[in-house]
Amino acid sequence: MTRRAFITGITGQDGSYLSELLLAQGYEVHGSVRRTSTLERSRLAHLYADPTLYNQRLFLHYADLDDPTTLRRVLNAVQPQELYHLAGQSHVGLSFEIPETTCEFTAMGTLRLLEILRDLPEPPRFFHATSSEIFGRPTASPQTEKTPLAPINPYGCAKAFATQMVRVYRASHDLFAVNGILYNHESPRRGENFVTRKICRAAAAIKLGLQEELALGDTSAQRDWGHARDYVRGMWLALNQGPPDDYVFATGQLHSVQQVIETAFAAVSLDWQHHVKFDRHFLRPAEPLHLVGDASKARAVLGWSPTTSFQELIQEMTQAELDQLSQGERRGTARPEAR
Ligand code: F7E
């Protein structure tokens with residue numbers, strides 16, 4: 001029997017990689033998209049350009065987390081066996097500016113989804129993409145599934161609420177519900193306002209003479225960065241290989257924003273010191289500290305481990321920008337700025 005999966009946030013970085021993984025395994029894949037005036041679905045373009053996939057095994061539905069009636073109707077019609085909940089406002093810096101929207105989608109949106117699942121005759125297995133930001137400034141490093149929640153920004157608070165609700169619904173309503181505690185994961189498909197993509201794109205644009213300098217905030221900030229493709233494999237394993245539980249997905253390695261700069265600029269043989277400048281506009285009111293994950297449980301229970309090193313990740317992202325920007329330059333559509 002063909003398995004059916006539903007993805008909220010299918011048009012995002014993780015949604016596109018997860019769609020590819022599920023389609024390659026023979027799944028029928030459904031996803032919700034927001035009804036907006038712009039159709040930002042470029043990450044899926046290669047999939048729905050394929051007539052053997054689009055509307056055959058890949059289906060998009062208009063539905064959103066702030067419209068539970070539509071979501072309920074769509075989920076009733078699709079009856080997925082697996083639901084991957086990836087949608088939400090995911091930019092930490094932005095969450096200080098739009099905290100209510102962030103909580104509305106990321107916290108309440110998840111609760112609404114759990115309420116809908118509870119009422120379905122056969123609730124799907126549920127994967128919630130939560131975040132290392134729930135730990136804020138933890139007292140222990142690296143963090144595990146047992147590390148206490150201590151968020152320090154609106155995004156982390158919204159994710160902490162949603163994470164705890166998933167735990168409550170798993171324990172109280174017998175749902176197969178999983179929290180994947182995801183540390184930073186990047187790729188050439190990352191949104192342009194996240195720091196790795198911003199740096200890699202700028203390094204490539206400067207190399208091609210399309211941009212002169214790159215303005216950044218705190219370059220001493222450190223993160224545990226992995227490749228998004230590895231993390232979506234973890235999502236699938238979590239719903240198919242283990243009991244419903246919480247799992248940390250991380251590389252266990254900390255690197256600084258400064259190291260991203262040096263690696264990306266070295267990949268295009270440029271001296272970063274001639275191009276990178278500080279702009280306080282990109283500083284955040286609070287920075288988390290020592291967010292580095294211990295993925296031992298995912299390794300032991302799910303057989304998961306990351307396969308891409310930090311160097312490989314940043315080099316791949318920079319090369320992808322070079323390729324994309326040089327193609328755009330040839331067509332006269334290069335658009336380097338990413339602030
Ligand atoms: O920032 C510093 C910034 O925006 C990383 C999301 O996926 O991962 C992501 O959140 C660091 C921070 O990611 C700039 O202050 C310096 O310390 O790439 P980011 P994030 O905030 O870690 C977690 C796990 C999530 O769950 C989130 O959804 O880089 N930084 N200068 C800068 N960051 C940005 N964006 N832009 C700068 O100019």
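## Around the ligand

A residue is near a molecule if one of its heavy atoms lies within 4 Å of that molecule. In this predicted model, 22 residues are found around the ligand, and those that come nearest are Ser90, Ser131, Arg223, Arg284 and Glu287.

For some residues the approach to the ligand can be described atom by atom. Serine 131 places a polar side-chain atom 2.6 Å from an oxygen atom of the ligand, and an N or O atom in the side chain of arginine 284 is likewise 2.6 Å from a ligand oxygen atom. Lysine 198 also takes part, with a polar side-chain atom that lies 2.7 Å from an oxygen atom of the ligand.

## Two domains in one chain

The chain is divided into two domains, and each of them is assembled from separate stretches of the sequence: domain 1 takes in residues 4–186 and 227–249, whereas domain 2 takes in residues 195–223, 253–291 and 309–331. Between the C-alpha centres of domain 1 and domain 2 there is a distance of 27 Å.

## Where the domains meet

Where the two domains touch, 17 residues of domain 1 are in contact with 13 residues of domain 2. Together the domains bury about 1,300 Å² between them, and 58% of this area is on carbon and sulfur atoms. On the domain 1 side, Phe96, Arg137 and Glu186 supply 34% of the area buried against domain 2, which is more than any other three residues supply.

Which residues form a salt bridge between glutamate and arginine here? Glutamate 133 pairs with arginine 223, and their closest N and O atoms are 4.0 Å apart; the count of salt bridges between domain 1 and domain 2 is one. Polar contacts between the two domains involve six residue pairs. Helix 4, which covers residues 92–97, gives three residues to the side of domain 1 that touches domain 2, and this is the largest share. Sorted by character, the residues on that side of domain 1 are six nonpolar, eight polar and three charged.

## Two details of the backbone

Two places in the loops deserve a careful look. The peptide bond that runs from serine 141 to proline 142 is cis, with an omega near -5 degrees, and proline 142 itself is found in the loop between strand 5 (125–131) and helix 6 (154–172).

The other place is glutamine 79, which has a positive phi of about 50 degrees although this residue is not a glycine. Glutamine 79 lies in the loop that joins helix 3 (68–78) and strand 4 (82–85).

Definitions and conventions:
Residues numbered from 1 in each chain as written. Predicted model: local features only at pLDDT ≥ 70, side-chain atom pairs only at ≥ 80, totals over all residues. Heavy atoms only, no water. Domains from an automatic or database assignment. Contact = heavy atoms within 4.5 Å. Buried area = accessible area lost by both parts, 1.4 Å probe. Salt bridge = Lys/Arg side-chain N within 4 Å of Asp/Glu carboxyl O. Polar contact = N/O pair within 3.5 Å; in protein donor to acceptor, adjacent residues only side chain to side chain. Helix = DSSP H or I, 4+ residues; strand = E, 2+ residues; numbered from the N terminus. Nonpolar A, V, L, I, M, F, W, Y, C, P; charged D, E, K, R; others polar.
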